[in-house]
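Hello,

Here is the structure I promised to pass on to you. Please have it open while you read, and my notes on what I found follow below it.

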Amino acid sequence: MGKRRDSLVIRRLDLIRHAHAQPSSPDGDAGRELSPEGVAAARNLGRNLCVTGWRPDVVLTSPLTRAHQTAQLLVDEQEGPIRIEILE
């Protein structure tokens, strides 16, 4: 009879808050877009994470405009495609 080997699966969860957003939107809070400073900061973070080897299987984001924009900018700085899933 063979020996049973238990395997250890390590999962990692990284939480990233959206970048700086505009103070208001005609669509209310949910429609607030990133400010120019927020766009620059999200791109910079994406580049820095890429250098460290950050490579998520998937990026989950809320449907808020600023959160989705931040997720997209982070992913755009990575090498190769990364799926973004918008959670409702």
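**Helix α2 and its surroundings**

Let me begin with a small check on helix α2: at 1.5 Å a residue, its 12 residues should span 16 Å, and the end C-alpha atoms are indeed 16 Å apart, so the two values agree. Please keep in mind that this is a predicted model.

Helix α2 covers residues 65-76 and belongs to a right-handed β-α-β unit, together with strands β1 and β2. The two strands, β1 at residues 58-61 and β2 at residues 83-86, run parallel to each other and are paired over 4 bridges. Two of the facing positions are easy to find. Val58 sits opposite Arg83 of β2, while Thr61 has Ile86 in β2 as its bridge partner.

Strand β1 also has two faces to look at. Val59 and Thr61 are on the covered face, whereas Val58 and Leu60 are on the uncovered one.

Now back to the helix. Which residues of α2 are buried? They are Arg66, Ala67, Thr70, Ala71, Leu73, Leu74 and Val75. As general background, an α-helix has 3.6 residues a turn, so residues three or four places apart point the same way. The buried residues of α2 pack against helix α1 (36-51) and against both strands, β1 and β2.

Two other residues of α2 are worth a visit. Gln69 lies in this helix and counts as partly exposed, because its relative accessible area of 25% falls between the 20% and 50% cut-offs. Leaving aside residues up to four places away in sequence, Gln69 touches Glu33 and Leu34. Between Gln69 and Leu45 there are 13 Å from C-alpha to C-alpha, and the two are 24 residues apart in sequence. Gln72 is also part of α2, and with a relative accessible area of 30% this residue is partly exposed. The C-alpha atoms of Gln72 and Ile84 are 7.5 Å apart, with their positions 12 residues apart in sequence.

**The largest pocket**

How much space lies in the largest pocket? The volume comes to about 660 Å³. This pocket is lined by 21 residues, and those closest to its centre are Leu13, Asp14, Pro56, Val58 and Val59. The elements that each give two or more residues to the lining are β1 and α2. Val58 and Val59 may already be familiar to you, as Val58 is on the uncovered face of β1 and Val59 on the covered one.

**Two exposed residues**

Is Pro36, a residue of helix α1, buried or exposed? Its relative accessibility is 59%, and exposed means over 50%, so Pro36 counts as exposed. Pro36 and Ala21 are 15 residues apart along the chain, and their C-alpha atoms are separated by 8.4 Å.

Glu88 is in the segment after β2. This residue is exposed too, with a relative accessible area of 85%. From the C-alpha atom of Glu88 to that of Leu64 the separation is 9.4 Å, and the two residues are 24 residues apart along the chain.

If you would like a route through the model, you could start at the β-α-β unit made by β1, α2 and β2, and then turn to the pocket that β1 and α2 help to line.

Best wishes

Definitions and conventions. Residues are numbered from 1 along each chain as its sequence is written. This is a predicted model: local features need pLDDT of at least 70, side-chain atom pairs count only at pLDDT 80 or more; totals for chains, interfaces and linings use all residues. Side-chain values use heavy atoms; hydrogens and water are left out. Buried means under 20% relative accessible area, exposed over 50%, partly exposed in between (1.4 Å probe, protein chains only). Two strands pair if DSSP finds at least two bridges between them. A crossover is right-handed if, with the strands pointing away from the viewer, the path from the first strand over the helix to the second runs clockwise. The expected span of a helix is 1.5 Å times one less than its number of residues. Contact means heavy atoms within 4.5 Å. On a 1 Å grid over the protein atoms alone, a cavity is a set of points where a 1.4 Å probe fits but cannot get out, and a pocket is an open set with protein on both sides within 12 Å along at least five of seven lines; lining residues have an atom within 4 Å of a point. Grid points are joined across faces, edges and corners, and a volume is the space filled by probe spheres set on the points.
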